[in-house]
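Student: Could you take me through one part of this model closely, the place where the two chains meet? I would like one connected account that I can follow on screen.

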Amino acid sequence: MKIQINQAGYGNQEPVIHDIAFELNPGEIVGMIGSNGAGKSTTVACLTGTIPWMQGTIDSGRYAYIPEQPIYYDYLTLAEHIALVTELTGTSVPRRTEELLRLFRLEAVRHDYIASFSKGMKQKAMILLALIQEADYLLVDEPFVGLDATTTIQLLRLLEEERSRGKGILLVTHVLDTADRLCDRFIWIDTGAMLASGTKQQMRESLETEGKTLFDMMEDVAMR
Amino acid sequence: MRIRDIWVRRVRHHLTNQWKTWRLLFDWTIILYGVIPLVIFLVYQYRLLWQGERPWLEEIPMIAWAVMLLLLFLLDHFFVWLERADVTLVADRALIGIMKRYSVGYQLVMSVVKYIFVLGLMAPVLRLHDWSIATILVFGFGLLFIAWLHMWLRYMLEIRRSHWILRLLLPFISLSWIYALLANVPLLAFLLGSGMVAWTLVASEGWLSTHAYVSREVEHAAEVRTSFDRSLLSTSGILEKPNLRKRPFYRPAPNRFGSVQRTLALLLYVRTPSHRNLWLRLIPLAITGILLVPSWFKVLIPIYIGYVGLQERNAFIKEMQRHPFFRSVRGRTD
């Protein structure tokens with residue numbers, strides 16, 4: 001997946017983000033980090049093609065998207081969502097689906113409307129719908145919001161598992177300690193542009209913050 | 001679960017909501033006392049129109065009819081039945097393409113139904129102008145065709161945010177086209193019509209295959225689909241009018257429940273059968289009374305109606321003060 005965004009925005013042709021370029025390769029987890037309102041979700045909107053205007057090129061393979069806020073059909077049950085997604089993507093992985101349903105404890109509610117689920121259950125349903133698509137890349141936007149500790153650990157394990165299966169994962173988050181533990185590379189977005197990118201060591205060198213954790217680096221940059 | 005199933009559910013869900021909204025506003029007493037008499041009256045008038053007993057209609061110039069039809073065009077909306085979930089759940093854009101094709105088909109069917117109805121209403125007027133049935137039918141097809149092109153073009157212009165001159169030019173061309181048809185100038189009608197066809201082809205180039213403006217299309221569709229319920233519910237007083245601004249120009253007053261409380265009370269009054277039925281009986285009685293009662297005794301009737309109104313107002317205010325809903329609102333906002 002190759003991304004080159006020259007400019008992009010929502011209305012009146014005012015750019016919200018600019019000059020963002022990176023690659024996402026199979027078998028790696030890339031963490032997109034940055035403070036609130038830095039432009040992380042806008043960058044993901046460019047990848048998913050939901051931004052009103054953009055100048056640049058996106059070369060994306062088959063991807064599945066887990067949005068920050070769960071988005072689903074009000075009038076379909078979870079089982080119907082699964083049936084629709086498998087029909088559209090042409091993937092039939094009933095065993096995997098059953099495993100994930102069991103893992104996320106959604107077996108009992110599979111014939112309920114997702115609208116009736118709690119926030120965490122909705123988030124889990126979205127993760128399930130993305131994972132059963134068997135896509136080459138996963139775009140995961142703030143996945144830990146609203147999840148309990150057990151599910152968060154399960155999700156982390158699942159993401160590592162997907163990486164070992166050769167999938168490229170873009171993890172958008174501001175939970176820095178989790179990103180620090182999980183990601184191979186980072187893209188740091190600040191005020192709509194790329195501040196730094198690369199491995200943690202490369203970022204330390206480019207930002208002159210030797211020996212510091214991601215959290216300390218962010219604090220250091222904010223104080224400058 | 002096929003894409004067609006999900007589309008059918010979406011349309012059915014929307015139509016059910018619309019039906020529920022209408023039923024919320026019109027219960028059986030309003031239908032019995034208001035809607036049915038009005039329908040009978042209109043059908044009778046329409047019959048008289050066919051019999052040529054409304055010759056003054058002939059005096060209305062064709063340009064006025066053309067303007068009325070143009071207004072009807074402008075009221076219409078073209079949108080695709082896309083939802084946010086179509087874009088986010090599956091990255092495969094085939095779903096969006098298929099949804100767009102279904103939407104075009106749906107829009108076309110709705111346009112045909114609507115313009116058959118309009119043609120049915122206009123037919124007696126055209127007959128007054130000595131148009132043959134064949135000419136009226138040809139006019140109907142032309143009307144449907146141009147209305148549809150106009151809708152599609154308007155949609156393209158709205159989504160692609162074209163220049164305002166283009167947006168003005170389009171209604172102007174449509175108006176000229178309808179007037180040329182009504183005033184029997186076939187060459188001009190042909191030229192303008194074929195121009196619009198060409199323009200539509202250019203404007204909608206690749207629309208079904210590329211989805212560059214998909215987020216705008218989703219937003220536009222959501223706005224159009226909710227506009228029916230919103231406009232109906234907000235004008236009826238059930239809902240407060242939605243604030244479309246991102247933030248208010250000035251700080252709102254701390255207690256904004258006053259106007260809502262008033263509109264809700266009025267609505268509650270109208271929807272209470274005992275209160276509503278009193279007026280549904282009293283108003284026809286008063287009109288009949290004013291027509292039948294001789295000389296200055298007529299004045300007594302509005303005075304009596306005013307007295308009843310005052311009594312009703314006082315009684316209802318006391319009733320509302322005891323009402324649990326308004327008690328709870330006051331408790332929260334005091």
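Tutor: Happy to. Please keep in mind that this is a predicted model, and let us begin with the overall picture of the contact before going to single residues.

On the chain B side, 23 residues are in contact with 24 residues of chain A. Together the two chains bury about 2200 Å² between them, and 62% of that area is on carbon and sulfur atoms. The polar part can be counted too: seven residue pairs are in polar contact between chain B and chain A, with both residues at pLDDT 80 or more. Three elements of chain B each give two or more residues to the side that touches chain A, namely α1 (3-25), α4 (84-88) and α9 (214-235). Sorted by character, the residues on this side of chain B divide into ten nonpolar, three polar and ten charged.

Among the charged pairs, there is one salt bridge between chain B and chain A. You can find it by selecting A:E80 and B:R9, whose closest N and O atoms are 2.7 Å apart.

Now centre your view on A:Y73. Leaving out residues up to four places away in sequence, A:Y73 touches A:H81 and A:L84 in chain A, and from chain B it touches B:I6, B:R10, B:E83, B:A85, B:D86, B:L89 and B:L95. A:Y73 is also one of the residues with the most contacts inside the largest nonpolar core, along with A:L106, A:L159 and A:W188; that core has 80 residues. The element that gives the most to this core is helix α4 (residues 119-131) of chain A, with seven residues. A second, separate core has 35 residues, including B:A66, B:L69, B:L128 and B:W131.

Two of the chain B residues touched by A:Y73, B:R10 and B:E83, deserve a closer look as a pair. B:R10 forms a salt bridge with B:E83, with the closest N and O atoms 3.3 Å apart. Because B:R10 lies in helix α1 of chain B and B:E83 in the loop between α3 (62-75) and α4, the pair ties together parts that are 73 residues apart in sequence. B:R10 has a relative accessibility of 2%, so it counts as buried. B:E83 is buried as well, because its relative accessible area is 15% and the cut-off for buried is under 20%.

Next along chain B, look at B:R84 and B:E219, a salt bridge whose closest N and O atoms are 3.9 Å apart. B:R84 lies in helix α4 and B:E219 in helix α9, so this pair ties together parts of chain B that are 135 residues apart in sequence. Here the side chains are less hidden by the numbers: B:R84 is partly exposed, with a relative accessible area of 29%, and B:E219 is partly exposed at 39%.

Finally, return to helix α1 of chain B, where you will find B:H14. Its relative accessibility is 13%, so B:H14 counts as buried. Apart from neighbours within four places in sequence, B:H14 is in contact with B:W81 and B:R225.

To pull the view together, keep helices α1, α4 and α9 of chain B on screen, since they are the elements that give two or more residues to the side touching chain A, and then add A:Y73 with its partners from both chains.

Methods. Residues are numbered from 1 along each chain as its sequence is written. Chains are lettered from A and ligands numbered from 1 in the order in which they are written. This is a predicted model: local features need pLDDT of at least 70, side-chain atom pairs count only at pLDDT 80 or more; totals for chains, interfaces and linings use all residues. Side-chain values use heavy atoms; hydrogens and water are left out. Contact means heavy atoms within 4.5 Å. Buried area is the accessible area (1.4 Å probe) that two parts lose on being put together, summed over both. A salt bridge is a side-chain nitrogen of Lys or Arg within 4 Å of a carboxyl oxygen of Asp or Glu. A polar contact is a pair of N or O atoms within 3.5 Å; within protein, one must be able to donate a hydrogen and the other to accept it, and residues adjacent in sequence count only if both atoms are side-chain atoms. Helices (H or I, at least four residues) and strands (E, at least two) are DSSP runs, numbered from the N terminus. Ala, Val, Leu, Ile, Met, Phe, Trp, Tyr, Cys and Pro count as nonpolar, Asp, Glu, Lys and Arg as charged, and the others, Gly among them, as polar. A nonpolar core is a set of buried Ala, Val, Leu, Ile, Met, Phe, Trp, Tyr and Cys residues joined through side-chain atoms within 4.5 Å. Buried means under 20% relative accessible area, exposed over 50%, partly exposed in between (1.4 Å probe, protein chains only).
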